[in-house]
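Biologist: I am new to this model and would like a close look at one part of it. Could you take me through how its helices pack?

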Amino acid sequence: MQQTRELNSSSSNSSKHSSAENQRLRDKHVRDLIAEKRRLVEVPYTASLAHTMNALVANHVVAVPVAAPPGHWIGAGGSMIMESDKQTGAVRKHYIGMVTMLDILAHIAGDDQMDGGDVFDLDQKMAVPVSSIIGRCLEGLSLWTLSPNTSMLDCMEVFSKGIHRALVPLDSHMENISGVELVESASSYRMLTQMDLLRFLKEHESNIEGIISRPLSELGAVTENVYAITDRTKVIEAIKCMRATMLNAVPIVTASNAHEEDHKQLINGRGRKLIGTFSATDLRGSLLATLQSWLPLSALDFTEYVSKGPLYASSDSPRQLVTCLPESSLTEVIDKAVSKHVHRVWVVDQQGLLVGLVSLTDIIRVIRLSLQSESQVV
């Protein structure tokens, strides 16, 4: 009886310690997440797509806001996000939208005649102003700001619903507002992304050890519906698939011997041998002339070529597949996502067959749900 009481007491103390650690994280705000963030990288509305892609590569980012003179544009999703002079309050510029590499790919793949041959002029496509492609992809149809006063849990809620990034005003004119806004005016902004949040969580992992030490399968973190291309899919076909489904990356799996399998379309990748990843981010590193020549060739060959190119030049070895097992801990997956700077980790079984994926959205969702349920218990 005495031993039982001691065990119960020990368990209770451990639970209280875990709750106290979690509370430290819940007490954080968006302002804590952007403390080390650098100046905002942006492009003017007149910039060409080629210039925009160069900005993405040079600054190692996957998205940039587009700035225009005030009073001439309606912002994406009806947003009115302005940069104003700190002293006078006069509006200097209007952020009219966000452009990602997927927007650029959607534009490239938008012509039905695109076949990688002479009919298609990539240079001409990349010469159009960036303002003309805002909203090509679903994410670009809205532009969000997050108040610095937003709580950690509320920030996690935003990023757990598929919003990948938001602008944070450094000196908001709406000091008492927290959460997501479409209207804002500030003298400067910082970009906060899902990856920034994940890095912050990793740095404070001792506060959530009880959550992230658990296996993926127990947390419900694995998305089992996973669409893939095969090793016979061409680059141009892969780009068109990604454009149609608004996916930033797709796994490459071994093609089956079935004659009816269409390599121009996405297939159900579950249960197939995983052999590569085709990502919109990879295409940042390919020079336009090089991309032109790769369009009619194998997406798998292209990913192997890119892994040895300038985008991964700092790495000592060619890029490897980033995978985990269903029984892997969430800690392991977070470590891989942050260290390899990937936005999803493929889940495979012991034979290397694709089981599903864990995205940054999934990771943030399950951590938030666990924090929320623990706070309600307390």
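Why are H7 and H13 oblique to each other?

Modeller: Happy to help! This is a predicted model, so local features need pLDDT of at least 70 and side-chain atom pairs count only at pLDDT 80 or more, while totals for chains, interfaces and linings use all residues. Residues are numbered from 1 along each chain as its sequence is written, and side-chain values use heavy atoms, leaving out hydrogens and water.

The axes (lines fitted to C-alpha atoms over the stretch in contact, with angles from 0 to 180 degrees between N-to-C directions) of H7 and helix H13, residues 330-340, cross at roughly 125° and come within 10 Å. H7 and H13 are therefore oblique (outside under 35, 65 to 115 and over 145 degrees) to each other. Their crossing is left-handed (the near helix is turned anticlockwise from the far one by less than a right angle). In H7, Met 195, Leu 198, Arg 199 and Lys 202 meet Ile 334, Asp 335, Ala 337 and Val 338 of H13 (heavy atoms within 4.5 Å). By class, this contact of H7 with H13 has five nonpolar, no polar and three charged residues.

H7, residues 194-203, also meets helix H6, residues 152-159: their axes come within 11 Å and cross at roughly 135°. That makes H6 oblique to H7. This crossing of H6 and H7 is left-handed too. H6 brings Met 152, Cys 155, Met 156 and Phe 159 to the contact, and H7 brings Gln 194, Leu 197, Phe 200 and Leu 201. Here the contact of H6 with H7 has seven nonpolar, one polar and no charged residues.

For the wider setting, the protein has 14 helices and 16 strands (DSSP runs: H or I of at least four residues, E of at least two).

Note on methods. Ala, Val, Leu, Ile, Met, Phe, Trp, Tyr, Cys and Pro count as nonpolar, Asp, Glu, Lys and Arg as charged, and the others, Gly among them, as polar.
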